[in-house]
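Here are my notes for when you go through this one. Have the model open beside you and click along as you read.

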Amino acid sequence: MSVHKEIKRVTTHVLAEMKLKGEKIAMLTSYDYSMARLVDQAGIDIILVGDSASNVMAGNETTLPITLDQMIYHGKSVVRAVTRALVVVDMPFGTYQGNSLEALNSAIKIMKVTHADAVKVEGGKEIIESVERILSAGIPVMGHLGLMPQSINKYGTYVVRAREEVEAQKLIEDAKLLEEAGCFAIVLEKIPAELGAKVAKSLKIPVIGIGAGGGVDGQVLVIHDMLGITQTFSPRFLRRYLNLAEEITGAVNHYVQDVKSLDFPNEREQY
Ligand code: KIV
């Protein structure tokens, strides 16, 4: 019997057990109550309240503008819906870099107000003091290395990261640092599959990939991308399970026609 089927509530210990038993971890983002409820009921292991909310919910070009209060609003909505999955809330840009006390206060606010299970931060050595301080308060931390969307202005492009040896070596060292500090898992975004597998093999904690190949311990996608709500974003790593954009526009178009033609509401649809 798989760990996934046996347990009623996913914890960081359950995730560690999944890695030990070689059972892959399934993670998706959600930002609101209704979607999170469906995603949880479908058996997802981790729900990430990603700062990708800045893109897919608010229409910003990057993840940078989203605020702590906005992430808390999304986090609260998701936690209200979830009974089984582990809920992780992204710490937004500017709330944890450079000042570990501010990082701790931001993380405490997220945990106190949303009742989420953990927070996620982007970066390695540069933010390790913040990671350690958040962990010292008993707050589980998920790391995020490789393509780090909060640093997009430093790189200027969303191309595959760590293709070069120097960057790959830094990523390996950062992953080790995060594990040693006490992170319970790490996300690796858009890196060569070989490097993803190497990091997953060298760490005891689960490594979840998005565009990091099949050799890691689990996969994560942005829900709007895998359901085909977003249409222009088509990286190689994305598998679309639905074309919801077409379904939704088709349904709305049908409704408009029904209203205009007096077909809706009919006799049975009124009092
Ligand atoms: O914000 C987000 O959705 C993420 C995932 C891409 C891992 O960080």
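The points below take the chain layout, one helix, the ligand site and a few single residues in turn.

1. Before anything else, keep in mind that this is a predicted model. The assignment divides the protein chain into domain 1, covering 3-240, and domain 2, covering 245-271. Taken over C-alpha atoms, the centres of domain 1 and domain 2 are 39 Å apart.

2. Have a look at helix H3, residues 33-41, with burial colouring switched on. Met 35, Ala 36, Val 39 and Asp 40 come out as buried. These residues sit on the same side of H3, because they cover an arc of only 130 degrees around the axis. Turn to the other side of H3 and you find Ser 34, Leu 38 and Gln 41, which are exposed.

3. What do the buried residues of H3 pack against? There are two strands and two helices to show here: strand S1 (25-29), strand S2 (46-49), helix H5 (68-81) and helix H11 (223-226).

4. The ends of H3 deserve a quick zoom. At the N-terminal end, Asp 32 acts as the cap, with a side-chain oxygen 3.1 Å from the backbone nitrogen of Ser 34. Just after H3 comes Gly 43, whose phi is positive, at about 100 degrees.

5. Carry on into the loop between H3 and S2 and you meet Asp 45. Is Asp 45 buried or exposed? Its relative accessible area is 2%, so Asp 45 counts as buried, the cut-off being under 20%. Leaving out residues up to four places away in sequence, Asp 45 touches His 4, Val 10, Met 18, Lys 24, Ile 25, Ala 26, Arg 84, Ala 85 and Leu 86.

6. Now the ligand. The residues surrounding it are Thr 29, Leu 48, Gly 50, Asp 51, Ser 52, Asp 90, Lys 120, His 144, Glu 189, Ile 210 and Val 222. Three side chains there are worth a distance check. For Ser 52, a side-chain N or O atom is 2.5 Å from an oxygen atom of the ligand. For Asp 90, a polar side-chain atom lies 3.1 Å from a ligand oxygen, and for Lys 120 the corresponding value is 2.9 Å. On its own the ligand would expose 260 Å², and the protein buries 95% of that.

7. Next, Ser 106, which you'll find in helix H6, residues 100-114. Ser 106 has a relative accessible area of 5%, so it is buried. Which backbone oxygen lies 2.8 Å from a polar atom of its side chain? That oxygen belongs to Thr 95. Thr 95 also turns up among the residues that Ser 106 touches, alongside Leu 68 and Met 91, once residues up to four places away in sequence are set aside.

8. Last, Glu 246, in helix H12, which runs over residues 244-260. With a relative accessible area of 55%, Glu 246 is exposed, since the cut-off for that label is over 50%. Its side chain makes a polar contact of 3.0 Å with the side chain of Asn 243. One more pair to click on is Glu 246 and Gly 228: 18 residues apart in sequence, they are 8.3 Å apart in space, C-alpha to C-alpha.

Methods
Residues numbered from 1 in each chain as written. Predicted model: local features only at pLDDT ≥ 70, side-chain atom pairs only at ≥ 80, totals over all residues. Heavy atoms only, no water. Buried < 20%, exposed > 50% of the residue type's maximum accessible area, 1.4 Å probe, protein only. Helix = DSSP H or I, 4+ residues; strand = E, 2+ residues; numbered from the N terminus. Arc of directions from axis to C-beta. Contact = heavy atoms within 4.5 Å. Polar contact = N/O pair within 3.5 Å; in protein donor to acceptor, adjacent residues only side chain to side chain. Near = heavy atom within 4 Å. Areas by Shrake-Rupley, 256 points an atom, 1.4 Å probe, with all protein chains shown as cover. Domains from an automatic or database assignment.
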